[in-house]
Amino acid sequence: MLANLINGISLGSVYAIIALGYTMVYGIAKMLNFAHGDVIMVGGYVAFCSISYLGWPPILAVLASVVVCTILGIVIEGLAYKPLRNATSLAVLITAIGVSYFLQNAALLIWTSNTKVFPNVFANLPAIQLGGTQIAPVTVITVLANIVIMIALTLFTSRTKMGKAMRAVSEDKGAATLMGINVNRTISMTFAIGSGLAAIAGVLLCSAYPTLMPTTGAMPGIKAFTAAVFGGIGSIPGAMLGGVLLGVIEIFGKAYVSTQLSDAIVFAVLIIVLLVKPTGLLGHKIREKV
Amino acid sequence: MGTMLRVEDLHVYYGSIHAIKGVSFEVNEGEIVTLIGANGAGKSTTLNTVGGLLKARSGKISFMEKDLHGIGADKVVAQGMALCPEGRRVFQHMTVLENLEMGAYTRPSSEVADSLEKVYQLFPRLKERYRQVAGTLSGGEQQMLAMGRALMSKPKLMMLDEPSMGLAPILVKQIFSIIEDMNKQGTTILLVEQNAQMALSVANRAYVLETGRITTSGDAKELAESEEIKKAYLGG
Ligand SMILES: Nc1ncnc2c1ncn2[C@@H]1O[C@H](COP(=O)(O)OP(=O)(O)OP(=O)(O)O)[C@@H](O)[C@H]1O
Ligand SMILES: [Mg+2]
């Protein structure tokens with residue numbers, strides 16, 4: 001029971017970190033970046049190569065992965081989405097799916113379809129005993145990483161000039177422009193942050209479930225998207241809550257109901273939540289005055 | 001007194017709709033100039049184009065002797081132009097203080113406190129409510145916030161699009177007296193209004209816009225007396 005709960009929170013923390021990327025990008029660019037999950041996969045491969053081929057220490061590998069994904073995020077936004085700023089949301093959605101396939105197939109070319117076994121990054125850390133349950137170091141680190149990221153992002157958006165500008169752009173691009181905010185640069189920055197987080201999520205995910213292939217990011221991407229909607233898309237605490245709840249529901253579903261049905265349970269819960277509260281758990285919509 | 005803003009033969013389209021058909025006007029340093037006209041005449045379109053939110057098909061806009069062509073809207077703010085747009089457009093989910101801080105986005109942080117103090121002097125109500133989320137302010141308070149926010153960039157030219165819209169008469173008076181105050185403190189004003197009478201009473205000069213063209217222009221007081229204007233815009 002406790003072990004399941006901890007596993008659920010850990011898996012949910014990975015979802016939460018991915019969901020943050022979805023939610024921030026959605027908040028600011030009003031688009032669902034379906035390629036986000038595949039950035040996780042790229043992050044996983046970069047870390048894998050840094051450790052297994054180049055023999056880099058894990059910390060450096062994570063850093064490399066974050067740098068590559070951040071740049072990848074900026075490039076994707078600049079090449080694929082920026083030209084579509086005034087296009088219909090359907091066009092943007094189709095493009096995002098296209099980018100997703102492009103990344104998966106590029107990975108297929110570079111790394112082939114053979115499953116790579118992700119090295120144990122946290123091998124030299126001890127496991128923790130809690131009331132007779134052993135907690136793997138990766139679990140602890142995942143949960144801690146989630147908490148740190150959450151706090152950092154909250155401070156960033158509420159205290160810094162850049163963070164506040166992001167919120168301004170997400171509310172009203174025209175008004176933000178009138179403040180002298182460079183909207184394009186702000187959107188680009190958001191993709192950079194989201195993709196950097198995706199890299200971290202990729203390393204954590206591959207550490208917990210050490211198989212890596214070009215489609216590795218797809219399912220967690222969809223789950224994290226679900227988590228973002230579940231918590232209230234556009235909301236940072238919502239992404240966190242949605243992610244963790246989703247992870248716990250999934251693990252409990254697997255443990256107590258059925259392994260095959262666990263995903264169905266996850267999506268059923270989502271549907272129920274959205275029926276009762278269409279904006280998600282923490283999504284808000286305040287009355288607008290004109 | 002130099003010319004602060006000069007607009008020459010401006011043409012603006014929405015797709016195939018020709019909304020502004022060759023508008024020219026100028027605003028001199030220290031003036032209050034008003035642009036009046038009926039609904040749909042193209043007042044907001046003109047202001048938004050000058051402010052950089054819309055792109056002109058042709059024509060020239062120069063501000064402080066500098067051609068604004070190809071200069072990003074976000075850069076224009078730093079040069080001293082502020083637009084307080086129609087419908088206020090304050091950031092609903094941000095606090096009053098955060099909204100004002102966004103207004104000062106282009107300015108060094110060392111100068112923000114000073115401007116904040118000045119804005120609070122003009123709008124004491126904003127100071128009382130600085131932690132309140134803007135979306136929960138009343139319409140009048142939101143208008144004050146929108147004006148205060150625009151002032152935070154310390155503009156040389158302030159463009160206001162229907163600041164009196166939806167406000168009670170007493171508040172309209174207050175807003176107009178604040179506009180005059182801002183002007184006395186050295187800000188040049190370009191004012192768009194439905195409330196032509198009020199606008200003409202505070203303005204030095206006025207332009208009348210009709211379906212995308214300027215039909216009349218001149219001294220504000222003289223226009224206020226003209227029979228034609230009275231009939232069309234002042235309700236008799
Ligand atoms: N986004 C748009 N798409 C198409 N046409 C538009 C758009 N915005 C404005 N127009 C048209 O351009 C013309 C000028 O509109 P504008 O908003 O500038 O008028 P206005 O003088 O500000 O009117 P009001 O006093 O009602 O605010 C109108 O005919 C309007 O229908
Ligand atoms: Mg208008």
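## Polar contacts and salt bridges between chains A and B

In this predicted model, six residue pairs, both members at pLDDT 80 or more, are in polar contact across the interface of chain A and chain B. The side of chain A that touches chain B draws at least two residues from each of two helices, α6 (161-171) and α7 (173-178). Of the elements on that side, α6(A) gives the most, contributing six residues. Sorted by class, the side of chain A that touches chain B holds nine nonpolar, six polar and eight charged residues.

Three salt bridges are also found across the interface of chain A and chain B. One of them links R167(A) with E98(B); the closest N and O atoms of this pair are 2.9 Å apart.

## Extent of the interface

Chain A supplies 23 residues to the contact, and chain B supplies 31 residues. The two chains bury about 2500 Å² between them, and 59% of that area lies on carbon and sulfur atoms.

## Surroundings of ligand 1

There are 14 residues around ligand 1. Those that come nearest are N39(B), S44(B), T45(B), E86(B) and Q194(B).

Three separations describe polar atoms of chain B relative to oxygen atoms of ligand 1. For Q194(B), a polar side-chain atom lies 2.5 Å from a ligand oxygen atom. For S44(B), a polar side-chain atom is placed 2.7 Å from an oxygen atom of ligand 1. G42(B) contributes through its backbone: one of its N or O atoms lies 2.9 Å from an oxygen atom of the ligand.

## The four-stranded sheet of chain B

Chain B contains an open sheet of four strands, arranged in the order β2-β1-β4-β5 with antiparallel pairing. Strands β2 (17-28) and β5 (66-67) of chain B occupy the edges; each has a single partner strand, so one side of each is left without a neighbour in the sheet.

Within this sheet, strand β1 (residues 3-14) of chain B runs antiparallel to strand β4 (residues 58-63) of chain B, and five bridges join the two. Two positions illustrate the register: R6(B) stands opposite S62(B) in β4(B), while H11(B) has S58(B) of β4(B) as its bridge partner.

On the other pairing of β4(B), two bridges connect it to β5(B) in the antiparallel sense. Here S62(B) is partnered with D67(B) in β5(B). S62(B) therefore appears in both pairings, facing R6(B) and D67(B). The strands β4(B) and β5(B) form a hairpin with two residues between them, in which M64(B) adopts a positive phi near 55 degrees.

## The β9-β10 hairpin of chain B

A further antiparallel pair in chain B consists of strand β9 (residues 205-210) and strand β10 (residues 213-219), joined by six bridges. R205(B) has D219(B) in β10(B) as its bridge partner.

These strands, β9(B) and β10(B), likewise form a hairpin with two residues between them. In the turn, T211(B) has a positive phi of about 35 degrees.

How values were computed
Residues are numbered from 1 along each chain as its sequence is written. Chains are lettered from A and ligands numbered from 1 in the order in which they are written. This is a predicted model: local features need pLDDT of at least 70, side-chain atom pairs count only at pLDDT 80 or more; totals for chains, interfaces and linings use all residues. Side-chain values use heavy atoms; hydrogens and water are left out. Contact means heavy atoms within 4.5 Å. Buried area is the accessible area (1.4 Å probe) that two parts lose on being put together, summed over both. A salt bridge is a side-chain nitrogen of Lys or Arg within 4 Å of a carboxyl oxygen of Asp or Glu. A polar contact is a pair of N or O atoms within 3.5 Å; within protein, one must be able to donate a hydrogen and the other to accept it, and residues adjacent in sequence count only if both atoms are side-chain atoms. Ala, Val, Leu, Ile, Met, Phe, Trp, Tyr, Cys and Pro count as nonpolar, Asp, Glu, Lys and Arg as charged, and the others, Gly among them, as polar. Two strands pair if DSSP finds at least two bridges between them. A residue is near a molecule or strand if one of its heavy atoms lies within 4 Å of it.
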